[in-house]
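Me: Please take a close look at one part of this predicted model, namely the end of one helix and what surrounds that helix. I should like a connected account that then moves outward to the rest of the chain.

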Amino acid sequence: MRKTFAVIGLGRFGGSVCKELVESNQEVLAIDNCEDRVNEYMNIATHTVLANAQDEATLRSLGLRNFDHVIVTIGEDIQASILVTLMAKEMGVPHITAKAQNEYHGRVLEKVGADLVVHPERDMGFRLGHKLTSNNMIDFIELSDDYSLAEIRVNYKQFFNKTIQEINFRKHYNVTIVAIRRGKNDLIVSPPAEQVILEGDVLLVVGHNDDVDYLDAKMK
Ligand code: ADP
């Protein structure tokens, strides 16, 4: 279903959000107080407006309260980001996502009414650090503070040509295999217990972070 989004702040992050929403066929109003940025997005967003989002009258005249989702991606100007988030909340916008520059900023954004606070730089740094220090982990997504979904390449001789049941991932490793990527094109979703694991397969596993790390360490 087509929804209406307002992206406020067309920096690198806000710009990517805007592009992706348009790609997904959503209606996007893009707002920035920098003329160059607005010109850049003129032919990308559904509508673009050159305005200072800190001006409440402007936000009202743009009908911000009628949008399904407002995304505040103002970067360095923390004061502006907080104020805009607060005003969007006061106008009754149902979903507000805001980008935080640091932990304190994030906490304030939550307090003034952001439904979702994102920390793209912190999270990307964390993910990259994790990836660089793990053995065969290709990627991972945090499902909560304790649990994650990880992609781990099978590089452990004792797993080669054995079935999931023989290896007994649930019992011995405390993880669940939700899918197996094999070669370039094959994806075996929800593999049965009799599924044979081959060298080079990529396992998509869900489990506690400690268990996922333990399995990854086995793959040395
Ligand atoms: P990023 O790290 O995502 O590139 P930036 O700080 O470069 O973040 O981008 C933030 C964007 O927000 C800039 O394009 C800037 O012009 C815009 N911006 C900052 N303050 C306001 C404001 N008060 N009203 C509208 N846009 C703003």
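Reply: Just after helix H4, Gly 92 adopts a positive phi of about 90°. The model is a predicted one, and the description below starts from the helix that precedes this glycine.

H4 comprises 13 residues, and its first and last C-alpha atoms are 18 Å apart, close to the 18 Å expected at 1.5 Å a residue. Its buried residues are Ser 81, Ile 82, Val 84, Thr 85, Met 87 and Ala 88. The cover over these buried positions of H4 includes strands S1, S4 and S5 together with helices H3 (56-61) and H5 (103-111).

H4 (78-90) is also one of the elements that give two or more residues to a nonpolar core. That core is the largest, with 32 residues, and the members touching the most others are Ala 6, Val 7, Ile 8, Cys 18, Ala 30, Val 70 and Val 72. Besides H4, the elements giving two or more residues to this core are S1 (4-8), H1, S2, S4 (69-72) and S5 (95-99). Ala 30 illustrates the packing: leaving aside its neighbours within four places in sequence, Ala 30 is in contact with Val 7, Leu 10, Cys 18, Tyr 41, Ala 45 and Thr 48. Another core lies apart from this one; it has 16 residues, including Val 154, Ile 180, Leu 204 and Val 205.

The ligand provides a second point of reference. A shell of 21 residues surrounds the ligand, and the closest are Gly 9, Gly 11, Arg 12, Phe 13 and Gly 75. Helix H1 (12-23) and strand S2 (27-32) each contribute at least two residues to this shell, and H1 gives the largest share, three residues. By residue class, the shell consists of eight nonpolar, eight polar and five charged residues.

The positive phi of Gly 92 invites a look at other residues with this sign. Most residues other than glycine have a negative phi. Asn 25 departs from that pattern, with a positive phi near 65°. Asn 25 sits in the loop between H1 and S2, and it counts as exposed because 9 C-beta neighbours fall inside 10 Å. Asn 161 likewise has a positive phi, near 60°, and lies in the loop between strands S8 (147-153) and S9 (162-163). Asn 161 is classed as exposed because 10 other C-beta atoms lie within 10 Å, where the limit for exposure is 12 or fewer.

A further exposed position is Val 189, a residue of strand S11 (residues 186-189). Val 189 is exposed because it has 8 other C-beta atoms within 10 Å. The C-alpha atoms of Val 189 and Ala 179 are separated by 4.3 Å, although the two residues are ten apart along the chain.

Two annotated spans complete the picture. An unreviewed UniProt entry lists residues 2-118 as "domain: RCK N-terminal". In the model this span is 40% helix and 23% strand, and its end C-alpha atoms lie 23 Å apart. UniProt also places "domain: RCK C-terminal", again from an unreviewed entry, at residues 135-220. For residues 135-220 the content is 22% helix and 42% strand, with the end C-alpha atoms 6 Å apart.

How values were computed:
Residues numbered from 1 in each chain as written. Predicted model: local features only at pLDDT ≥ 70, side-chain atom pairs only at ≥ 80, totals over all residues. Near = placed C-beta within 6 Å. Helix = DSSP H or I, 4+ residues; strand = E, 2+ residues; numbered from the N terminus. Nonpolar A, V, L, I, M, F, W, Y, C, P; charged D, E, K, R; others polar. Core = buried A, V, L, I, M, F, W, Y, C linked by C-beta atoms within 7 Å. Buried ≥ 20, exposed ≤ 12 C-beta atoms within 10 Å, placed from the backbone. Contact = placed C-beta atoms within 7 Å. Expected span 1.5 Å × (residues − 1). UniProt positions renumbered as here; feature names shortened; annotations may be inferred.
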